[in-house]
Amino acid sequence: MTDTAASSTDLRIPRAFFIYAILYGGMTVLAGVVAFKQVQLWPSQLAVEAGIFPFLMLVVITSTIAQLYGQKMANKMVWIGFIPLAASAALIFLALSLPPSLEMIEYRREDLAAFERVLGQTPRILMAGPAAYITSLLLNVWIFSKLRGNGEGGAISLMVRGAIASALSQAIDSVIFITLAFYGEFDITDLMIGQVIAKVTLSFVLVPFLITGGVALAKWLDSKD
């Protein structure tokens, strides 16, 4: 085997990692858009911004990567997630800066107003999002990996570690985001408590099963290489 062929083999990316990386980038962008809407978690009265759903997918993906490829690779994915975040922010800024068409001004004023309302976030929110993102996801990977110890662990261990890591990191995410985005504008106590309870609840109800499924899917995808 030539040196070139050997290098090509060494640089081959696992199929699951490649697919999950693409999905991860999409979720980082989507989370900031759908977060504009708050939804009620049936059958409770708990409310949470809809951005929690793509964000939980980020938690699941990074935990899956940490489980299969190691903590270092999962941390790299978290940092690389800033690339689609920055690119989408720049393109959104460009779209908002360019003047709307005459047709839109005349016939689609409501659509224009809705577009600007959803995407024209304040600088504080734009700063709070990435700060909460990087802190909570790196914390999630660290807790998930530390709880694993030196053993492989079974499905139950995987589910428990995923739930605990997600719950703690999501609580921190809420505290950071709400404090940076809204502190001083109104009393954030009720909002923060509600968000923490809702996110922790979702972390224990959904994340264990999503991580188990994510790991199983990744192993299946890699077996097809």
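The exercises below work through ring pairs, one helix packing and one residue in a predicted model.

Residues are numbered from 1 along each chain as its sequence is written, and side-chain values use heavy atoms, with hydrogens and water left out. Because the model is predicted, local features need pLDDT of at least 70 and side-chain atom pairs count only at pLDDT 80 or more, while totals for chains, interfaces and linings use all residues.

**Exercise 1.** Classify the ring pairs of Phe82 with Trp79 and with Tyr133.

Solution.
- Rings of Phe, Tyr and Trp (its six-membered ring) pair if their centres lie within 6.5 Å; planes under 30 degrees apart are stacked, over 60 edge-to-face and the rest tilted.
- The structure holds three aromatic pairs.
- For Trp79 and Phe82 the centres are 6.0 Å apart and the planes stand at 35 degrees, so this pair is tilted.
- For Phe82 and Tyr133 the centres are 5.4 Å apart and the planes stand at 85 degrees, so this pair is edge-to-face.
- The pair of Phe82 and Tyr133 links distant parts of the chain, 51 residues apart: Phe82 lies in helix 5 (residues 82-97) and Tyr133 in helix 8 (residues 123-148). Helices here are DSSP runs (H or I, at least four residues), numbered from the N terminus.
- Ring pairs thus join Trp79, Phe82 and Tyr133 into a cluster.

**Exercise 2.** Decide whether Phe82 and Tyr133 are buried, partly exposed or exposed.

Solution.
- Buried means under 20% relative accessible area, exposed over 50%, and partly exposed in between (1.4 Å probe, protein chains only).
- Phe82 has 26% relative accessibility, so Phe82 is partly exposed.
- Tyr133 has 4%, so Tyr133 is buried.

**Exercise 3.** Describe how helix 2 (residues 15-34) packs on helix 3 (residues 52-69).

Solution.
- Axes are lines fitted to C-alpha atoms over the stretch in contact, and angles run from 0 to 180 degrees between N-to-C directions.
- The angle is about 155 degrees, and the axes are 8 Å apart.
- Helix 2 is therefore roughly antiparallel to helix 3, a label for angles over 145 degrees.
- Residues of helix 2 including Phe17, Tyr20 and Met27 meet residues of helix 3 including Phe55, Leu58 and Ile61. Contact means heavy atoms within 4.5 Å.

**Exercise 4.** Place Ile176 in its surroundings.

Solution.
- Ile176 belongs to helix 9 (residues 155-182).
- Its relative accessibility is 21%, so Ile176 counts as partly exposed.
- Leaving aside neighbours within four places in sequence, Ile176 contacts Ala131, Ala132 and Thr135.
- Lys146 is 30 residues from Ile176 along the chain, and their C-alpha atoms are separated by 23 Å.

Note on methods. Helices (H or I, at least four residues) and strands (E, at least two) are DSSP runs, numbered from the N terminus. Angles under 35 degrees count as roughly parallel, over 145 as roughly antiparallel, 65 to 115 as roughly perpendicular and the rest as oblique.
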